[in-house]
Amino acid sequence: MNYWVVFAVLIAIYIAFSIFAKHIAKYKNLVNAVFVIAILVSYLYVVIYMYYDVGIDDWNFKNTLPTANVSPFMFCLSSIILIMPKAIRKHLFTLVALLSLAMAMAGLGGTIGYVMRDYAFHWHIAFDCAAHVFISLWGVYLVKSSQVELTRKSAFKGGAIIVCVAVLMLVHNLIFDTAFFGLSLSGKHNIYNNVFFESGIVSALVYFLGLCGLLCLGYYYQKVLDFRKKK
């Protein structure tokens, strides 16, 4: 029941904000700061909770770190985007916008998944879902407030950032036998903690195809949500 409440609250916030985002477009700096704080506070709650609950060596804690996957990486990245130089910030804003759909699916879909599994309610899970929804909504706001002008060229540059990060993780894993982002070719591979393929190469290929696919879907998602008439 509690996860249904979390879902209802988050979906209500998502729909309401998506509708009225244009009306607060002139308060860009303030709204951006509020989103960054909301994302960071939600994320840090999860990290701190897991640290005290299971300790630093447990995989549950390690999954909260920015090296674990795209979501925690983006939560951490969001905390410094606003202080980055404008030339870099615009591409990071585009990346946030492109990941909006994937983050919404993870946050809202996650709550439904816990409901279906009749999973015991935990506040750190609720905050994790909230962090995903907040960063998704920020991406929506960035487009609706004209801080991101999505073109195929800008989308390619913004999306390339997270793809390059994943490639660097793969290279690091090859050199140091780690499994950051689940991109291991030595048997430690996974896709968000699920092992779908015996081959690490196939798993990595599917991971990158899935990531690129979500970025492309995110591009069209923003196009659908943005109803502004182009002059």
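**View 1. In this predicted model, helix H5 passes helix H7 in a left-handed crossing.** The contact is formed by Phe93, Val96 and Ala97 on the H5 side, and by Ile135, Trp138, Gly139, Leu142 and Val143 on the H7 side. Sorted by character, the residues of this contact comprise seven nonpolar and one polar, with no charged residue. The axes of H5, which covers residues 86-98, and of H7, which covers residues 123-144, come within 7 Å and cross at roughly 120 degrees. Because angles of 65 to 115 degrees count as roughly perpendicular and those over 145 as roughly antiparallel, this crossing makes H5 oblique to H7.

**View 2. Helix H6, residues 100-116, packs with H7 at an angle of about 155 degrees.** The axes of H6 and H7 are 7 Å apart, and since an angle over 145 degrees counts as roughly antiparallel, H6 and H7 are roughly antiparallel to each other. The crossing of H6 past H7 is left-handed. On the H6 side the contact is made by Ser100, Met103, Ala104, Ala106, Gly107, Leu108, Gly110, Thr111 and Tyr114, while H7 contributes Ile125, Cys129, His132, Val133, Ile135, Ser136, Gly139 and Val140. The residues of the H6 contact with H7 divide into 10 nonpolar and seven polar, and none is charged. Ile135 and Gly139 of H7, listed here in the contact with H6, also belong to the contact with H5.

**View 3. Helix H7 is largely enclosed by the rest of the structure, as 19 of its 22 residues are buried.** From its first C-alpha to its last, H7 reaches 31 Å, which is close to the 32 Å expected at 1.5 Å a residue. Histidine 124 lies in H7 and, with a relative accessibility of 13%, counts as buried, because the cut-off for that class is 20%. Apart from its neighbours within four places in sequence, histidine 124 is in contact with Tyr45, Val46, Tyr49 and Met50.

**View 4. Serine 146 takes a positive phi of about 65 degrees just after H7.** This positive value occurs in a residue other than glycine. Serine 146 lies in the loop that runs between H7 and helix H8, the latter covering residues 152-176. With a relative accessible area of 45%, serine 146 is partly exposed, in contrast to histidine 124 within H7, which counts as buried.

**View 5. Helix H4, residues 70-81, is largely enclosed by the rest of the structure, since nine of its 12 residues are buried.** The buried residues of H4 are Val70, Ser71, Pro72, Phe73, Met74, Phe75, Leu77, Ser78 and Ile81. These buried residues pack against helix H2 (28-54) and also against H5, H6, H7, H8 and H9. The span of H4 from its first C-alpha to its last is 16 Å, close to the 16 Å expected at 1.5 Å a residue.

**View 6. Proline 85 is found in the loop between H4 and H5.** At a relative accessibility of 47%, proline 85 counts as partly exposed, whereas nine of the 12 residues of H4 are buried. Proline 85 and leucine 44 are 41 residues apart along the chain, and their C-alpha atoms are separated by 25 Å.

**View 7. Asparagine 193 has a positive phi of about 75 degrees although it is not a glycine.** Asparagine 193 is placed in the loop between H8 and helix H9, which covers residues 200-225, and at 46% relative accessibility this asparagine counts as partly exposed. When residues up to four places away in sequence are not counted, asparagine 193 touches Trp59 and Asn63. Asparagine 193 and alanine 68 are 125 residues apart in sequence, and their C-alpha atoms are 9.6 Å apart in space.

Key:
Residues are numbered from 1 along each chain as its sequence is written. This is a predicted model: local features need pLDDT of at least 70, side-chain atom pairs count only at pLDDT 80 or more; totals for chains, interfaces and linings use all residues. Side-chain values use heavy atoms; hydrogens and water are left out. Axes are lines fitted to C-alpha atoms, for helices over the stretch in contact, and angles run from 0 to 180 degrees between N-to-C directions. Helices (H or I, at least four residues) and strands (E, at least two) are DSSP runs, numbered from the N terminus. Angles under 35 degrees count as roughly parallel, over 145 as roughly antiparallel, 65 to 115 as roughly perpendicular and the rest as oblique. A crossing is left-handed if the near helix is turned anticlockwise from the far one by less than a right angle, and right-handed if clockwise. Contact means heavy atoms within 4.5 Å. Ala, Val, Leu, Ile, Met, Phe, Trp, Tyr, Cys and Pro count as nonpolar, Asp, Glu, Lys and Arg as charged, and the others, Gly among them, as polar. Buried means under 20% relative accessible area, exposed over 50%, partly exposed in between (1.4 Å probe, protein chains only). The expected span of a helix is 1.5 Å times one less than its number of residues.
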